[in-house]
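Thanks, everyone; I would like to use my few minutes for the salt bridges, and I will put the sequence and the structure up before going through them.

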Amino acid sequence: MSTDATYTELRAQLATLTTEAFRPELAEIDQLPTLEIAKIMNGEDATVPTAVAAQLPQIAAAIDGTAERMARGGRLIYAGAGTAGRLGVLDASECPPTFNTEPSEVVGLIAGGPSAMVTAVEGAEDSKELAAEDLDALNLTADDIVVGISASGRTPYAIGAVEHARNTRGALTIGLSCNADSALAAAADHGIEVVVGPELLTGSTRLKAGTAQKLVLNMLSTITMIRLGKTYGNLMVDVRASNEKLRARSRRIVSLATGADDDAIEAALAATDGEVKNAILVVLGEVDGPTAARLLTESNGHLRAALAAAATA
């Protein structure tokens, strides 16, 4: 197919996408006062949570499938291009400090590699083969979960990742897009289509579509970690205290969970090498540090189960 024919076909495809639709009522937006533009943009953003809410059953099903596989050692892998890829990398990078996961447990792949985080890589998003190569480099297994992210739902890199993961490795696949009836959702075990409508700036899917993707990825990783026992109630008991702010937060979390005084909290953290979850178990379960570590290992990291075991020991 000639280059002209390819571009003609691409233009025709884009014309069918809600995220690419032109809004004539905003054609003079550049003539408006700054405050008025800000009000319009804020009003547009306010519609995103409603669009996400319409997909909550699909999101919940995807989370349950993700938690089940991660509980048996699977990894959560995001794959996308451009803004979608950057959002996946962002979510993955926030899991180690928030939930004390290993960097290999939640991984973000962006078409074109790490340099594409700041500089567009020509043609990277157009390659299904590149997605397969990136996944193969991770030694993908059937216990893994691959999330293809694409606002349009037609990005070859995201679709290729999902197809390769599902068809050749038997991995669980999730397709997150912002258009209905997308090729990405159709290719995945779990299709999540958050239809946010046309953007303020025609085709600028880092706006509402990007916000929707961020909200869904927040849910996917956070609720999966809740299901895996990474929290106690709404406390981040697996937080990694890698700086002074997080060390102060660790003490506060132990305090909120136990109601213990400062001396007891310091003693519990000292006995558990600063591990918040273990320290809470030391205080509430009235056990020593090594016993707390053993009980948490036996309960697969679930603090409530470990507390129940301590109570019956």
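Counting as a salt bridge any side-chain nitrogen of Lys or Arg within 4 Å of a carboxyl oxygen of Asp or Glu, we arrive at 14 salt bridges. Please keep in mind that this is a predicted model, in which local features need pLDDT of at least 70 and side-chain atom pairs count only at pLDDT 80 or more, while totals for chains, interfaces and linings use all residues. Residues are numbered from 1 along each chain as its sequence is written, and side-chain values use heavy atoms, with hydrogens and water left out.

Let me begin with Arg 72 and Asp 143, whose side chains form a salt bridge at 2.8 Å, N to O. This pair links distant parts of the chain, 71 residues apart, with Arg 72 in the loop between helix H4 (56-71) and strand S1 (76-80) and Asp 143 in the loop between helix H6 (128-136) and strand S3 (145-149); helices (H or I, at least four residues) and strands (E, at least two) are DSSP runs, numbered from the N terminus. On accessibility, buried means under 20% relative accessible area, exposed over 50%, and partly exposed in between, with a 1.4 Å probe and protein chains only. Arg 72 is partly exposed at 44%, and Asp 143 is partly exposed at 26%.

Turning to Lys 230 and Asp 238, their closest N and O atoms are 3.5 Å apart in a salt bridge, and both residues are buried.

Finally, Glu 244 and Arg 247 form a salt bridge with closest N and O atoms 3.0 Å apart, and these two residues are separated by about one helical turn because they lie three residues apart in helix H10 (residues 244-258).
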